[in-house]
Amino acid sequence: MAGSLNKVQLIGNLGADPEIRRTQDGRPIANLRIATSETWRDKNSGERREKTEWHTVVCFNEGLCGVIEQYVKKGDKIYIEGQLQTRKWQDQAGTDRYSTEIVLQAFNGTLTMLSSAGGNEGGGRRDTSGGADRHNRTGANDYGAPSGRQDQRGNFQRDLDDDIPF
């Protein structure tokens, strides 16, 4: 097998509101903390056990940062797809430290909101991987601006948008 693959997919809940910082030239960087949990029954005691893992996510994609800043909040269930990166840094004492993060770069990151706007799961699903909201019937992108795509087929497209059961 030639090549390799560095891809991380997570579904989890945000443990805190996203932190948005800006670079010196004004580009946004979003930091997220996502919790994933697994549960099982202890064979000896029969008690329900749970283990939670915390993941640090850093987003450099300007479009996704805008969506994160505007719509994502503590407790939301989200799906992310990115790459693992480990960075080396020094603490105040000069000791080398390492941080492993899931990074959503400018062109190869995905964020899908699985919680609805009201906070209950499974309701509104917003996929922001391609820039424009695929589930948006108004023809606007994630920022409410027209997508620029004109429908040349008249009312045919609107007829197809009627209540489809899937």
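Is lysine 73 buried, partly exposed or exposed, and what is its relative accessible area? I looked this up before anything else, and found lysine 73 partly exposed, with a relative accessible area of 36%. A reminder to myself: I am working on a predicted model.

**Entry 1: the partner of lysine 73**

I followed the side chain of lysine 73 to aspartate 76, and the two meet in a salt bridge with N to O at 3.3 Å. Aspartate 76 has a relative accessibility of 4%, so I put it down as buried. My note for this pair therefore reads partly exposed for lysine 73 and buried for aspartate 76.

**Entry 2: other salt bridges**

Side chains of opposite charge can pair when their charged atoms come close. I ran the count for the protein and got 10 salt bridges.

I picked out arginine 87 and glutamate 101, whose closest N and O atoms are 3.0 Å apart. Arginine 87 belongs to strand β5 and glutamate 101 to strand β6, so this salt bridge ties together parts that lie 14 residues apart in sequence. I also checked the cover on each partner. Arginine 87 is partly exposed at 42% relative accessible area, while glutamate 101 is buried at 11%.

I then looked at aspartate 42 and arginine 49, where the side chains form a salt bridge at 3.4 Å, N to O. Arginine 49 came out as partly exposed, and its relative accessible area is 35%.

**Entry 3: stepping back to the fold**

I wanted the overall layout next. I counted two helices and eight strands, and along the sequence they run β-β-β-β-α-β-β-β-β-α. Of the 166 residues in the protein, 30% are buried. I noted an accessible surface of about 11800 Å², with carbon and sulfur atoms holding 46% of that area. Taking the contacts with a separation of 6 or more, I found that 50% are between residues 24 or more positions apart.

**Entry 4: the nonpolar core**

Which residues of the largest nonpolar core touch the most other members? This core has 19 residues, and the ones I was after are Val57, Cys59, Ile68, Ile78, Ile80 and Leu111. I listed the elements that give two or more residues to this core: the strands β1 (8-14), β3 (28-41), β4 (48-59), β5 (77-90), β6 (96-104) and β7 (110-115), together with the helix α1 (62-71). Helix α1 gives the most, with four residues.

**Entry 5: cysteine 59 and cysteine 65**

Cysteine 59 caught my eye in the core list, so I checked its cover and found it buried, at 0% relative accessible area. Leaving out residues up to four places away in sequence, I found that cysteine 59 touches Pro28, Ile29, Ala30, Leu64, Cys65, Ile68 and Leu104.

With Cys65 on that list, I had a follow-up to settle. Why is there no bond between the sulfurs of cysteine 65 and cysteine 59? The two sulfurs are 3.9 Å apart, which is too far for a bond, because a disulfide needs the sulfur atoms within 2.5 Å. Cysteine 59 is the closest cysteine to cysteine 65 when I go by sulfur atoms. I searched the whole structure as well and found zero disulfides. Cysteine 65 has 1% relative accessibility and so counts as buried.

Methods:
Residues numbered from 1 in each chain as written. Predicted model: local features only at pLDDT ≥ 70, side-chain atom pairs only at ≥ 80, totals over all residues. Heavy atoms only, no water. Buried < 20%, exposed > 50% of the residue type's maximum accessible area, 1.4 Å probe, protein only. Contact = heavy atoms within 4.5 Å. Areas by Shrake-Rupley, 256 points an atom, 1.4 Å probe, with all protein chains shown as cover. Core = buried A, V, L, I, M, F, W, Y, C linked by side-chain atoms within 4.5 Å. Salt bridge = Lys/Arg side-chain N within 4 Å of Asp/Glu carboxyl O.
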